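Trainee: Could you take one buried spot and look at it closely? Then please work outwards from there, so that I can see what surrounds it.

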Amino acid sequence: MKILLTGHKGFIGSHLLKELERVGHEVSTYEWGEVLPSIMEQDWVIHCGAISSTAERDVEKIMRQNVDFTRQLYDACRVYGVNFQFSSSASLYGLGTNFKEDAPVDPRTPYAWSKYLSERYINNYPGGGTVQIFRYFNVYGPEGEEHKGSQASPFYRFKKQAEEFGTIKVFEGSENYHRDFIHVDDVVHYHLKFLLKDNIGGTYNIGTGSTLSFLDVAQHIAKKNYCDIKYIPMSDELKASYQKYTCADMTKTWSVV
């Protein structure tokens, strides 16, 4: 198939590009600021490109790159009947505890709002080809997170701290913060599986349906690297938007693949 992939230099996009090419798809790529390849020639557009930092506070920048461009891309797919996969986020669920795809949303950051507004636009203006929206939970992997800084997964950050400083820093109370962590290879697997379901659209959670605490992750890495764990306070600003618990309800996703 002919596929346009945005965000191919990012963490998930880079892994997705390798696998798409490995299995024989003809892939065009786009990054912000480049010339957009022709949409009408594609079978699918996979839109992973976005400002993904939950700490980004430049709302205009996020609106321009995450919302306006998504609408432009989706509208082109509607016009030409091209199938569309959109990378959204479990951050839409906010501080809630219901993680079914039809649960009320509670976006708490500009990034989460950008994903909500994009989803809302897509759902309000159906048409064209098949549309699949994927709400990623906490994605981690062995490589590709170097550029994410403080936004990298705890698996990457804790391992880096252990190797460089011999100490892992975790927030106080980290034993109470549980997240659904999914390996990037499994995320890629879901993308490719859904490409074969070009008659099935909708919104789908991409997680594991199970959780680990941040302290669980830190202790696992500390044990492997023979290092200490240091507890640090969480800022009040971060507390206001920090998800204490996420666990994907995978019923809908598993029913498809």
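Mentor: Start at Ser88. Leaving out neighbours within four places in sequence, Ser88 is in contact with Lys115, Glu119, Ile133, Phe134, Arg135 and Tyr136. This is a predicted model, so read every value as computed from that prediction. Ser88 belongs to strand S4, residues 83-89. Its relative accessible area is 1%. Buried means under 20%, so Ser88 is buried.

Now sort its partners. Strand S5 spans 131-136, and Ile133, Phe134, Arg135 and Tyr136 are among the contacts of Ser88. Helix H3 covers residues 110-124, and Lys115 and Glu119 also touch Ser88.

Follow Tyr136 next. Tyr136 is one of the residues that Cys48 touches, together with Leu5, Thr6, Gly7, Leu16 and Ser87, once residues up to four places away in sequence are set aside. Cys48 sits in the loop between S3 and H2. At 16% relative accessibility, Cys48 counts as buried, because the cut-off is 20%. From Cys48 to Ser114, the C-alpha separation is 13 Å, with their positions 66 residues apart along the chain.

Cys48 also gives a distance to Gly202. These two are 154 residues apart in sequence and 17 Å apart in space, C-alpha to C-alpha. Gly202 lies in strand S10. Its relative accessible area is 25%, so Gly202 is partly exposed. Gly202 touches Val131, Gln132 and Ile133, not counting residues up to four places away in sequence. Ile133 thus links back to the start, because it touches Gly202 and Ser88, itself buried at 1%.

Next, the core. The largest nonpolar core has 32 residues, and those with the most contacts inside it are Leu5, Leu16, Leu20, Ile46, Tyr136 and Val139. At least two of its residues come from each of strand S1 (2-6), helix H1 (11-22), strand S3 (44-47), strand S5 (131-136), helix H5 (184-195) and strand S10 (202-206). H5 gives the most, with seven residues. A second core lies apart from this one; it has 16 residues, among them Leu4, Val82, Phe84 and Phe86. The background is general: in soluble globular proteins, nonpolar side chains tend to be buried together.

Zoom in on Leu20. Beyond its neighbours within four places in sequence, Leu20 contacts Ile3, Leu5, His25, Val27, Ile46, Leu192 and Leu195. Take Val27 from that list. Val27 lies in strand S2, residues 26-30. With a relative accessible area of 18%, Val27 falls under the 20% limit and is therefore buried. Leaving aside neighbours within four places in sequence, its contacts are Ile3, Leu5, Leu17, Leu20 and Glu21. Val27 and Ile62 are 35 residues apart in sequence, and their C-alpha atoms are 26 Å apart in space.

Ile62 brings us to helix packing. The axes of helix H2 (residues 59-80) and helix H3 (residues 110-124) come within 9 Å and cross at roughly 20 degrees. Angles under 35 degrees count as roughly parallel, so H2 and H3 are roughly parallel to each other. Their crossing is right-handed. On the H2 side, the contact uses Val59, Ile62, Met63, Asn66, Val67, Thr70, Arg71, Tyr74 and Asp75. On the H3 side, it uses Pro110, Tyr111, Ser114, Leu117, Ser118, Tyr121 and Ile122. By class, this contact has 10 nonpolar, four polar and two charged residues. Ser114, whose C-alpha separation from Cys48 is 13 Å, is part of this contact.

Another helix pair is worth a look. Helix H4 (residues 154-165) packs on H6 at an angle of about 35 degrees, with the axes 10 Å apart. This crossing is right-handed. Pro154, Phe155, Phe158, Lys159, Ala162 and Glu163 in H4 meet Phe214, Val217, Ala218, Ile221 and Asn225 in H6. The class count here is eight nonpolar, one polar and two charged residues.

Finish just past H6. Tyr226 lies in the loop between helix H6 (214-225) and strand S12 (228-232). Its relative accessibility is 79%, so Tyr226 counts as exposed, the limit being over 50%. Tyr226 has a positive phi of about 55 degrees although it is not a glycine. Most residues other than glycine have a negative phi. Set that against Ser88, which is buried at 1%.

Conventions: Residues numbered from 1 in each chain as written. Predicted model: local features only at pLDDT ≥ 70, side-chain atom pairs only at ≥ 80, totals over all residues. Heavy atoms only, no water. Core = buried A, V, L, I, M, F, W, Y, C linked by side-chain atoms within 4.5 Å. Buried < 20%, exposed > 50% of the residue type's maximum accessible area, 1.4 Å probe, protein only. Helix = DSSP H or I, 4+ residues; strand = E, 2+ residues; numbered from the N terminus. Contact = heavy atoms within 4.5 Å. Axes fitted to C-alpha atoms, helices over the stretch in contact; angles between N-to-C directions. Parallel < 35°, antiparallel > 145°, perpendicular 65-115°, else oblique. Left-handed = near helix turned anticlockwise from the far one by under 90°. Nonpolar A, V, L, I, M, F, W, Y, C, P; charged D, E, K, R; others polar.
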